[in-house]
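Grab a coffee and work through a few exercises on the model shown here. Try each task yourself before you read the solution under it.

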There are 2 protein chains.
Amino acid sequence: MKISELARSADVSIPTIKFYLRQGLVAPGRALSATRAEYDESHLERIRLIRALVDGAGLSIAAVSTITLALDHPPPSRHELYGIAQRTIPALHGGHPVDDTVRELVAALGWDVDDDAPALHALSGALDAAGSAGIHPSPEALERYARASRHVAEVDVDLVGGAPSAGEALTTVVVGTVMLDPVLSALRRLAQEDVSARTPER
Amino acid sequence: MKISELARSADVSIPTIKFYLRQGLVAPGRALSATRAEYDESHLERIRLIRALVDGAGLSIAAVSTITLALDHPPPSRHELYGIAQRTIPALHGGHPVDDTVRELVAALGWDVDDDAPALHALSGALDAAGSAGIHPSPEALERYARASRHVAEVDVDLVGGAPSAGEALTTVVVGTVMLDPVLSALRRLAQEDVSARTPER
């Protein structure tokens, strides 16, 4: 299809597509002449992914660029899939030092995670930020949050198990993790309403 | 304390504090003269909260303003606490129509939630966005995510149970929900690593 058809199908403007092409977020089309190129379903799919990451998950173009770069260079095997995904997915507090509270939590849970996993930094920074906002969950509350999060992760890993190749598995981990965070936030808010409706007022 | 001391204690600039005062995010100090005012711990606490919401949870000043406005006008009782919180906390996809999938999920779970709860719209929009990015969790996967989220919500509601007044309960619900979303995201990523390390490759 021509770039005008691509724009119409993806519901974005032609200048937007040209911007994505210049930034390397979308692969060039097959050149038909010096000024015309042919695009296919893979281009349409990529543009839809970019729009979903930007509009649906609120990511910046820089964050999307890190993701598409990783997806364009998938790992040869599934080994370290979640390690690569963690380094690909944008996180607040990436440079925050890992707190003792977080080390103790992981030890108490007996979780098998890398000593320098980006999520350890993100967790420390997020807890620190919650603390400055006056929210201090106890170690017991944190352990309960962690066990609930592990149930979420079990579903995540099952979803990825069905992917036929390491490249598709990476796409599912990265895109699924990013796109389902807002789904989980919304489910948490609905569940709060239900739990609260069934809890007698104190 | 003077505005200069407030700025130093909160680690923000004086122009930033003046901006918060103009926007109504921070209450005026006690006037000492036409140009000088006295600030106290409550002002310091509020500025720390604003910084945590902006830097720690990535909220916009407009979203923070909605939150501080609600916190400054707490409800007389805890009735409808989560309803107020849901309308206060910024959510993507607020205007998205509620999908049948979402109605069916809530019915299958038997959850007691308002027919027009903002989180129903947010959930529909987030699932729609995930779908355009190629992520389609099955109804079974969604139910598992929902049950895990309910465990999270049980901890949330327990944290709020300890708040002495409706105002403090609202602060805990709103600030706790917003500030702990990044904590839960980080826990999910760590848990993925652990679950994956213990799952044989398929």
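Below are five tasks, each with a worked solution.

This is a predicted model, so local features need pLDDT of at least 70, side-chain atom pairs count only at pLDDT 80 or more, and totals for chains, interfaces and linings use all residues. Residues are numbered from 1 along each chain as its sequence is written, chains are lettered from A and ligands numbered from 1 in the order in which they are written, and side-chain values use heavy atoms, with hydrogens and water left out.

**Exercise 1. Sketch the layout of chain A.**

Start with the parts list: chain A has nine helices and two strands (DSSP runs, H or I of at least four residues for helices, E of at least two for strands, numbered from the N terminus). Next, put them in order from the N terminus: α-α-β-β-α-α-α-α-α-α-α. Then add dimensions: the C-alpha trace spans about 70 × 40 × 35 Å along its principal axes. Finally, of the 202 residues of chain A, 50% count as buried (buried is under 20% relative accessible area, exposed over 50%, partly exposed in between; 1.4 Å probe, protein chains only).

**Exercise 2. Work out how chain A and chain B are related.**

First, superpose the copies (least squares on the C-alpha atoms of residues with pLDDT of at least 70 in both). A rotation of 180° with 0.0 Å of shift along its axis puts chain A on chain B, RMSD 0.0 Å. That is the relation of a two-fold axis. Now find the residue of chain A that comes closest to the axis: Ala148(A), with its C-alpha at 2.6 Å. Last, check the surfaces: 100% of the interface residues of chain A are also interface residues in chain B, so the copies meet through the same surface.

**Exercise 3. Describe the interface between the two chains.**

Count the contacts (heavy atoms within 4.5 Å): 79 residues of chain A touch 79 residues of chain B. Then take the buried area (accessible area, 1.4 Å probe, that two parts lose on being put together, summed over both). This comes to about 7,200 Å², with carbon and sulfur atoms giving 67%. Tyr145(A), Arg188(A) and Leu190(A) supply 10% of what chain A buries against chain B, more than any other three residues. For charge pairing, the interface holds ten salt bridges (a side-chain nitrogen of Lys or Arg within 4 Å of a carboxyl oxygen of Asp or Glu).

**Exercise 4. Trace the salt bridges around Asp194 in both chains.**

Begin in chain A. Asp194(A) pairs with Arg198(A), the closest N and O atoms being 2.8 Å apart. Asp194(A) counts as buried at 1% relative accessibility, while Arg198(A) is partly exposed, with a relative accessible area of 48%. Now cross the interface: Arg150(B) also forms a salt bridge with Asp194(A), with closest N and O atoms 2.9 Å apart.

Turn to chain B, where Asp194(B) and Arg198(B) form a salt bridge at 2.7 Å. They sit four residues apart in helix α9 (residues 166-198) of chain B, which means about one helical turn between them. Shared partners join Arg150(A), Glu154(A), Asp194(B) and Arg198(B) into one salt-bridge network.

**Exercise 5. Place His43(A) in its surroundings.**

Locate the residue: His43(A) is in helix α3 of chain A. Check its exposure: at 8% relative accessibility, His43(A) counts as buried. Look for partners: the side chain of His43(A) reaches the backbone oxygen of Ala27(A) at 3.2 Å. Beyond neighbours within four places in sequence, His43(A) contacts residues including Leu6(A), Val26(A) and Pro28(A).

Note on methods:
A polar contact is a pair of N or O atoms within 3.5 Å; within protein, one must be able to donate a hydrogen and the other to accept it, and residues adjacent in sequence count only if both atoms are side-chain atoms.
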